[in-house]
Amino acid sequence: MGDRSSLRVDGARLWQSLMQMAQIGATAKGGCNRQALTDEDRAGRDLFVAWCEQLGCDVSVDAIGNIFARRSGRDDSLPPVLAGSHLDTQPTGGKFDGVYGVLAGLEVLRTLDAAQVVTEAPFEVAVWTNEEGSRFNPAMIGSGVWSGVMDLDEVYAATDKSGKTMGGELERIGYRGDLPARARPLRAAFEVHIEQGPILEQQELQIGVLSGIQGLRWYDLIIEGDACHAGPTPMESRRDPFMAAAPIMSDCYRLAAAHAPWGRATFGDIRAEPGSRNTVPERLVINVDLRHPDARQLDQMDREFRELVERECERCRLGFEVNEIWHMPVTEFAPECVQAVRQATDMLGYSNMDMVSGAGHDSLYIANVAPTGMIFVPCENGISHNEIENAKSEDLEAGCNVLLHAMLAMDGRPQVQ
Ligand SMILES: [Zn+2]
């Protein structure tokens with residue numbers, strides 16, 4: 001069987017599979033529109049399943065449409081080592097987001113097959129349903145249900161814009177499977193993904209070794225004053241919510257800078273009521289998004305944000321409410337999986353850096369129930385969720401080799417503690 005450390009994936013075969021998958025739902029601008037549970041999604045799933053069956057894998061589908069392709073090991077009672085991501089895309093999506101993680105997993109299985117490697121544990125590739133959330137809300141439903149974060153019946157009832165339900169569409173495309181959509185023991189789960197940001201490319205590095213996924217807190221900040229005429233009312237007698245909002249926003253940018261390089265503050269939307277050009281608004285509703293990959297620093301940002309809102313609103317004699325509408329905790333990946341990715345990267349000699357993910361991924365939920373790790377590769381100009389999304393074949397090959405060796409490192413019996 002030879003030395004496993006000399007195994008390498010076939011980068012050309014991986015690229016060819018990516019390009020073949022990209023023909024399904026191909027858009028005029030070179031991207032993909034393969035939204036969850038559409039006919040295109042079904043065709044993409046069918047192609048993946050056909051490829052796995054050619055390899056002799058057992059393919060199963062669970063009740064939320066997650067697909068698992070299993071290559072047997074020497075002892076199939078052992079918990080599997082899994083690679084997974086998603087095949088669905090944004091309406092104007094690219095050829096790599098998600099798809100790469102699935103087809104890199106398939107390329108690992110093809111490599112093991114070609115070299116006739118028998119692993120100890122079974123190796124699996126997972127396709128998680130509706131990661132993007134563009135057709136059915138929320139995002140990451142397949143991994144969310146599987147890991148117990150979301151309720152199956154609730155997400156079955158989720159509707160798209162035309163009123164079609166997720167349960168009905170799963171049924172229609174033939175991917176409402178009989179396997180319970182419930183976590184089972186995994187030895188490890190890995191996801192390789194394009195970075196969807198500019199850092200690796202700017203640093204001219206090939207691999208990102210992920211330690212986790214950024215946490216975030218979403219708030220509706222409401223500031224209340226009095227409406228009055230923009231002309232006759234002297235500035236000093238106004239109760240104008242913007243007089244507090246302006247310093248609050250600049251202080252939030254300072255807050256993000258104080259928690260650099262990973263702190264983030266974003267105001268995605270502001271609504272002024274009544275919303276009239278020559279009237280001081282009586283009420284502002286400001287969407288605030290704070291992020292940090294370190295749980296303690298994110299908590300600290302939360303405290304400082306609340307303090308500065310209180311300070312500025314009291315100074316301006318304004319009423320306020322800070323309504324936290326979502327807290328996605330920081331995800332820290334399993335040290336043994338992070339270590340497996342780092343060692344594989346070093347063994348292969350690829351340039352790399354430690355990073356955290358700024359975006360959510362299926363691994364966020366999988367990490368709740370299984371030891372999980374992630375690998376990033378650069379993408380052109382950091383652009384994703386766009387038809388021009390692009391990545392270099394040699395980087396995709398490198399990430400896939402890291403995936404292969406990280407998975408091999410986790411093969412075997414779990415260590416007894
Ligand atoms: Zn993705």
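How many bridges join β3 to β4, and do the two strands run parallel or antiparallel? Keep that in mind while you load the structure, which is a predicted model.

**Stop 1: β4 and its neighbours**

Select residues 123-127, which make up strand β4. This strand is mostly covered, with five of its five residues buried. Turn on side chains and look along the strand: Phe123, Val125 and Val127 point one way, while Glu124 and Ala126 point the other way. That fits a general pattern: in a regular strand the side chains alternate between the two faces of the sheet. Here both sets are buried, so the charged-looking Glu124 deserves a click too, being buried like the rest.

Now add β3, residues 81-85. Here is the reply to the opening question: β3 and β4 run parallel, and five bridges join them. To find the register, pick valine 81, whose bridge partner in β4 is phenylalanine 123. Then follow the chain out of β3, through α3 and into β4; this β-α-β crossover is right-handed. Helix α3 covers residues 99-114, if you want to colour it.

Next, show β2, residues 67-71. Strand β2 is joined to β4 by five bridges as well, but this pair runs antiparallel. Phenylalanine 68 is a handy marker, with alanine 126 as its bridge partner in β4.

**Stop 2: the zinc ion**

Centre on the zinc ion. Which residues coordinate it? Show His86, Asp97 and His193: the two histidines donate through NE2 and the aspartate through OD, at 2.0 to 2.3 Å. Along the sequence, these donors are spaced H-x10-D-x95-H. Histidine 86 sits in the loop between β3 and α3, and histidine 193 in strand β5 (residues 188-194), so the pair ties together parts that are 107 residues apart in sequence. Are the two histidines buried or exposed? Histidine 86 is buried, at a relative accessible area of 0%, and histidine 193 is buried too, at 1%.

**Stop 3: the largest pocket**

Put a surface on the protein and go to the largest pocket, with a volume of about 550 Å³. Its lining takes in 24 residues; for the middle of the pocket, select Glu132, Ala139, Met140, Ala359 and Gly360, which lie nearest its centre. The elements giving two or more residues to this lining are β7 (215-224) and β12 (319-328). If you colour the lining by class, you get ten nonpolar, ten polar and four charged residues.

**Stop 4: the second largest pocket**

Move on to the second largest pocket, at about 240 Å³. It is lined by 15 residues, and Gly197, Arg264, Ser357, Gly358 and Ala359 are the closest to its centre. Ala359 is a name you have met already, among the residues nearest the centre of the largest pocket. Strand β14 (residues 352-357) gives the most to this second lining, with three residues. By class, the lining splits into seven nonpolar, five polar and three charged residues.

**Stop 5: backbone oddities**

Time to hide the surface and check torsions. Where are the cis peptide bonds on this tour? Select asparagine 137 and proline 138: the bond joining them is cis, with omega about -10°. Proline 138 lies in the loop between β4 and α4 (141-146). Then select alanine 260 and proline 261, where the peptide bond is also cis, with omega near 0°. Proline 261 belongs to the loop between α8 (241-258) and β9 (264-273).

For phi, try leucine 37, which has a positive value near 65° although it is not glycine. Leucine 37 is in the loop between α1 (11-22) and α2 (39-54), and is buried, with a relative accessible area of 0%. Glutamine 196 likewise has phi near 65°; look for glutamine 196 in the loop between β5 and α7 (199-203).

**Last stop: valine 402**

Finish in helix α12 (residues 393-409), which holds valine 402. Valine 402 is buried, with a relative accessible area of 0%. Draw a distance from its C-alpha to that of valine 209: the separation is 9.8 Å, for residues 193 apart along the chain.

Methods:
Residues numbered from 1 in each chain as written. Predicted model: local features only at pLDDT ≥ 70, side-chain atom pairs only at ≥ 80, totals over all residues. Heavy atoms only, no water. 1 Å grid on protein atoms, 1.4 Å probe; cavity = no way out; pocket = protein on both sides within 12 Å on 5 of 7 lines; lining within 4 Å. Points joined across faces, edges and corners; volume = space filled by probe spheres on them. Helix = DSSP H or I, 4+ residues; strand = E, 2+ residues; numbered from the N terminus. Nonpolar A, V, L, I, M, F, W, Y, C, P; charged D, E, K, R; others polar. Donors = N, O, S within 2.8 Å, 3.2 Å for Na, K, Ca; no water. Buried < 20%, exposed > 50% of the residue type's maximum accessible area, 1.4 Å probe, protein only. Pairing = 2+ DSSP bridges. Right-handed = clockwise from strand over helix to strand, strands pointing away.
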